[in-house]
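Hi,

Here is the structure I promised to pass on to you. Have a look at it first, and my notes come right after.

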Amino acid sequence: MPKDTSIKSVLIIGSGPIIIGQACEFDYSGSQAARSLREEGVEVSLINSNPATIMTDEVTADHIYLLPLTVESIEQILQERQIDCVLPTMGGQTALNLCKEASEIGLWEKYNVRVIGLDLHTIETTEDRELFREYCEKIGLKSAPSMVANSMLEGKDAAQKIGFPIVIRPSYTLGGTGGSIVYKPDNFEKLLAHGLQSSPVHEVLLDKAVIGWKEIEIELLRDNNDNVIIVCTVENLDPMGVHTGDSITVAPAVTISEKLQQKLKEQSIKLIRNIGNFSGGCNVQFAVDPVTEDVIVVEINPRVSRSSALASKATGYPIAKIASKLALGYSLDELENQITKTTSAFFEPSLDYIIVKIPRWNFDKFHGADTTLGFQMKAVGEVMGIGRNFNEALQKACQSLENRKIGIGADGKSWTRIQDVLDSLEKPSWDRIFKIYDAINLGVPLSSIHKLTQIDMWFLNQIKDLSLIEKEIRKYTLDTLPKNLLEEAKINGFSDAQIAWILSVDEDEVYAKRKELGVMRVFKTVDTCAGEYDAATPYFYSTFGVENESIRSEKKKIIVLGAGPNRIGQGIEFDYCCVHGLLALKEEGYEAIMINCNPETVSTDFDVADKLYFEPVFWEHLWELIEHEQPEGVIVQLGGQTALKLAEKLTERGVKIIGSSYNSLDLAEDRGRFSDLLKELNIPYPEYGTAHNADQALEVAKRTGYPVLVRPSYVLGGQRMKIVINDDELEMAVLDLLKHIGDNQILIDHFLDRAIEAEIDAIYDGETVKIMGVMEHIEPAGIHSGDSNAVLPPFSLGPFIIDTMKEYTEKLCKALEIRGLINIQFAIKDKKVFVIEANPRASRTTPFISKAYNIPYLNYATKIMLGTKKVKDFEYKEKMEGYAIKEPVFSFNKFPGVSKELGPEMKSTGETIRFIKDLKDAYFRQLYREKSMFLSK
Amino acid sequence: MELTNLNQEAVLLLEDGTVFRGKQCGNAGIKVGEINFVVGMTGFQEIFTDPSNCGQILVTTNTHVGNYGVAPNESASNKVQIAGLVCNKFANNYSRVQAEKGLQELFEENDVVGVEDIDTRALVRHIRSKGSMLGILSSNGEKIDELKRQLKDYPKNNTTDLLKNVSTPQAYTVGEETAKFKIAVLDLGVRKNILDNLVWHDAYVKVFPYNTSLEEINKFQPQAYLIPNGPGNPNDLREVIRMIQTILKTDKPLLGLGLGCQLMAISQNVEVVKMNHGHRSDNQPVKNLMTGKAETTIQSYSYTINREQAEKSTLIQITHVNLNDEVVEGISIKNKKAFGVQFLPIIYTKEHDSAYIYDQFFELIK
């Protein structure tokens, strides 16, 4: 069926701020959708309140509405613009719910807008647990025995009938919010109450828990002509019992026979064919009894999802892009395979590699949180490793996590007490995969590990191979290590750092040995078809083999370092920055090369960069890539702290850092050097000192006076920062820090109590400083800037103060020899301006300012870094009336019992933008009144 | 368990002199065969036992093979048909409750020589650019020159020999004698699942050796005929082609699958030629031109129907094409109750995209 030509203008609904369970994967799908529709000549309007997204950028859509995701905003858009259709399947559950709400009050009907992609009643069938169960029954599929409860009484009654363990699933929530699994009757009442409260309709479904069954996900596409393809089958390493968003997953499925695969496909097709009109991407989750291979349908999501983003990156098949075209009426066989460009989009990809996804958690940010994994998702981000075997992919994913792991095991951090290890196997948390390795190393039989974890023996056997290799390497020294063993280790994903640890040598020595023996990486293409057809798309991963497919071009080239997995303090905003960096590089005639390992991002979309390397942002992988590509330089300013911290080693190796040099970066990051510089420049800063133990800390505090801010010296998002008011508290804080961070230096700053916080983002080209924006925080100092409401421009600071801030900014840009971006944080107390810190890179607020003023600052900054343009070469027309507020958004509801109080450690997971006309705005006044409400000190 | 074989080297030498080195898996030994690649991600037990692949050295592109072992009743025939396997990671351990043994055991029982730790992607890209060719696989440690000599001396594959290997020596029946339909199958290497599907459609099926005469077959008084998949070059099977022509003189339905479909095309004077590297996978996209619907199919063939001739032919009609490379995937014979598809409706479930093939066939019988 060809495209419906009556569709001229489409509204895409975004997913709003990043929260746990709904992250930047929807920026990826929304951006793809917008671009895909525009390719078809359709005018795209887009609503999303999240300013840190690429989808809300002029490069993506025609008309952007940075408005709260409410029916009022929708009506405003419909009044302003002729919209033919709305596409609600790209913005997660938030978009579906908003679309449904708008339908219920008759908005779509009133403005004659057609909902495309799915029938609205589909949402009810798939979201209302009871309806869904009935639906499965009707089409002859099995789902877990279950009952609906709308009250405590009904709930308790149901539990008695179903028996334990039992799963509580609140209706109409996302990421399993409020859900839990209850093993014993003791905890049931408390968790049932929590579940009921979490559901907007005060309803839960109580399922018989099928703990330990295989959990399999199918990503499929269906078109108007009822054609269906399975894009990817994803197998969860963690069996049923752990939310799929919190599970380690593998694609393609590895323990599924052809017969079972067909059965799952048949059931998926039945589920999607009978659900009504649907054209687009859909996710189906199954539980499979490992003994009988009986199948139970767990859930179906008739929209693109976190899993479909992963499946897209895993297979190279752009699900959101194709799904959007299907919504316009195309059928799959009319579209081309976007990777090969010569074959059909009606095609189930073949993989000749394997991917492993590992979630990234941030439990350290939620003190007191239950860190056990269960039915409610708790991860804030994820990484994907691509390899030519499971172990390689698994280790690459571990190397991508940035939790100071260098792979699985072999890092001196193994646990050695058997009982502790066994306990951690039974209660899955973020580190279970590492503990499995420890258990194997300690000689625990695989069968016992299987009993505790229910993880398929095949996976356990693979991990055992790693342990055997480690033991084998131990028999040698670096000099005597045989080539075939080194090869075997590298094929199994061991990093040079791991091998170095085993052999007690330096990482660089292992690398040198590899080079001498010729055990080097090659790069292979992700092509959807396992090499059956030629691929036109430069999407690569590294592995060990005989053929390299990534041919170095003669063009001048630059590598952009990505930010790795999303986490609190470093999220989607850096993906936004990287994408703009890549586009700017292309505009300046460079070959733009991206390296990143976060499958949720737009920067890892295969048609954003000229070349994409889906690799850990990890020294070893980066260095081999640099040796292969020999770029003119590397951009580290756009990928947050992850990228920045690689600058030192790159500089040591003589690789050019584009923009501010490593020395500038270090000058700003090193507290001592930076304070000396401030002193020299006559810029006030809070008194500070450094300490290695509690005694030294007390001495510093005596000098600076209380309150003081205590923190480790290298941190992200204010991790483990504390404000203390007396000696006792300081001592406690220091001891606690030393326990967690070892011998790291501790910084102690005098805390400017009740000061106003403000910040500036600026660009410097060596001649002219451009102040991008000045922001004033509504909350007083003491709350991390990422958790504060920031107002652009300032609402209470006088011109003298603002000029002083600008003057300091200018001085610092020059003294630090910034080329490109800088963010400076200020505290204003008693009319005196203090500089708290300077970040010589793109900041969390850079995208916010760009959006508020509608100026492509990231594009400009990249060109200035390159030196191809100067500040004065650009126009700066600020298109904003009134003020813009950057509001933090939290995910505390995922962690019942965790204190909501705010402090110097960042806790928000996302942000929204809100425009106000003037300071009389009711919303602003409310925020202002409550500014100290959640202050912890 | 010991650390996976660090030392047992194995080597693959191609006809054009290219050498790939890896480690031994399966049986130790030496094997020569046509080398072809399979890009599917499941169904290895089925592929290795598929008579269409008889005598071949197969390259699997999936990273791991053998993870879920070998289950009873899931083989495509009663033995392993391939001569050798080239793969990336060969499973030493398998995990599936239903499985009765591992791939290693199966290969040892059936004398299949394997090599693992091969950059299979590089190999596939090589075959794709050079076309399928002969290969020799050895884990005996012979010198390359010796292997070259053996490869050169290897006799060309003879289709009749292949058929002798895969076809049943004696006719046999499946299904209940009381079933509604009687169908004759000429065993060119039929996959078991195809027979199962006939039985599920309420048929009593008799399977005849490849060299049975039509007279002999007709003693069974079948209501319809099925010429199934099999190995080799269809142009060598003049007898079968003549048999098809004779069947088509009657009004009885005829279904051709894979090799059977190719033979039907030749019987109508449409040329069938060897492809550069054939189609072998479970994800071949096919468009049914009769219904406008697309389907994902299982394929295992090396010979294709000349599309230009098929388009011009007054005797046949193209019913299916491949969505990727646009080759002919199905034909019907005009004014006859006869049709064939190049893909194999290997079906375990009713909702399968290709389930209609059998329905359509039985519809013709009714």
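Below is what turned up when I went through the two chains.

One thing up front: this is a predicted model, so please read everything here in that light.

**Where the chains meet**

Let me start with the contact between the chains. On the chain A side 54 residues are in contact with 45 residues of chain B. Three helices of chain A each give two or more residues to that side: α9 (258-273), α16 (457-474) and α17 (483-491). The largest share comes from α9(A), with 8 residues. By type, the chain A side divides into 23 nonpolar, 14 polar and 17 charged residues.

**A buried strand in chain A**

If you scroll to residues 214-222 of chain A, you will land on strand β10, where 9 of 9 residues are buried. Which way do its side chains go? A:Lys214, A:Ile216, A:Ile218, A:Leu220 and A:Arg222 point one way, while A:Glu215, A:Glu217, A:Glu219 and A:Leu221 point the other. That fits the usual pattern, since side chains in a regular strand alternate between the two faces of the sheet. The charged residues in that list, A:Lys214 and A:Glu215 among them, are buried along with the others.

β10(A) has partners too. With strand β13 (residues 280-288) of chain A it pairs in the antiparallel sense over 9 bridges, and A:Lys214 has A:Val288 as its bridge partner there. With strand β11 (residues 228-236) of chain A it also runs antiparallel, joined by 7 bridges. In that pairing A:Ile216 is matched with A:Glu235. The hairpin of β10(A) and β11(A) has 5 residues between the strands, and one of them, A:Asp226, takes a positive phi near 70°.

**Backbone oddities**

As a reminder, most residues other than glycine have a negative phi, and most peptide bonds are trans. So here are some spots to click on.

- A cis peptide bond joins A:Ala251 and A:Pro252, with omega about -5°. A:Pro252 sits in the loop between β12 (249-251) and α9 of chain A, and α9(A) is the helix that gives the largest share of the chain A side touching chain B.
- Another cis peptide bond joins A:Leu792 and A:Pro793, with omega about -15°. You will find A:Pro793 in the loop between β29 (790-792) and α28 (799-815) of chain A.
- A:Asn682 is not a glycine, yet has a positive phi of about 65°. Its place is the loop between α25 (671-681) and β23 (688-691) of chain A. A:Asn682 counts as exposed because it has 8 C-beta neighbours inside 10 Å.
- B:Gln221, again not a glycine, has a positive phi of about 55°. The loop between α7 (214-218) and β13 (224-227) of chain B holds B:Gln221, which counts as exposed because it has 9 C-beta neighbours inside 10 Å.

While you are on exposed loops, try A:Arg754, between β26 (746-750) and β27 (756-764) of chain A. Why is A:Arg754 called exposed? It has 12 C-beta neighbours inside 10 Å, and the cut-off for exposed is 12 or fewer.

**The barrel in chain B**

Over in chain B there is a closed barrel of 7 strands, in the order β1-β2-β8-β6-β4-β3-β9, with mixed pairing. Neighbouring strands are turned by 35° against each other on average, direction ignored. For a parallel pair, look at β4 (residues 57-60) and β6 (residues 84-86) of chain B, which share 3 bridges. B:Ile57 stands opposite B:Gly84 there.

Two helices go with these strands. Helix α3 (residues 120-130) of chain B lies across β2, β3, β4, β6 and β9 of chain B, at about 120° to β4(B). Helix α4 (residues 144-153) of chain B packs on the sheet, touching β1, β2, β3 and β9 of chain B, and makes about 135° with β9(B).

**Two domains in chain B**

The domain assignment splits chain B into domain 1 (9-157) and domain 2 (167-365). Their centres, taken over C-alpha atoms, are 27 Å apart. Between them, 22 residues of domain 1 are in contact with 21 residues of domain 2. On the domain 1 side, β3 and α3 of chain B give two or more residues each, and β3(B) gives the most, with 3. That side divides into 7 nonpolar, 12 polar and 3 charged residues.

Cheers

Terms used:
Residues are numbered from 1 along each chain as its sequence is written. Chains are lettered from A and ligands numbered from 1 in the order in which they are written. This is a predicted model: local features need pLDDT of at least 70, side-chain atom pairs count only at pLDDT 80 or more; totals for chains, interfaces and linings use all residues. Helices (H or I, at least four residues) and strands (E, at least two) are DSSP runs, numbered from the N terminus. A residue is buried if 20 or more other C-beta atoms lie within 10 Å of its own, exposed if 12 or fewer, and partly exposed in between; C-beta atoms are placed from the backbone. Two strands pair if DSSP finds at least two bridges between them. Axes are lines fitted to C-alpha atoms, for helices over the stretch in contact, and angles run from 0 to 180 degrees between N-to-C directions. Two residues are in contact if their C-beta atoms, placed from the backbone, lie within 7 Å. Domain bounds come from an automatic or database domain assignment.
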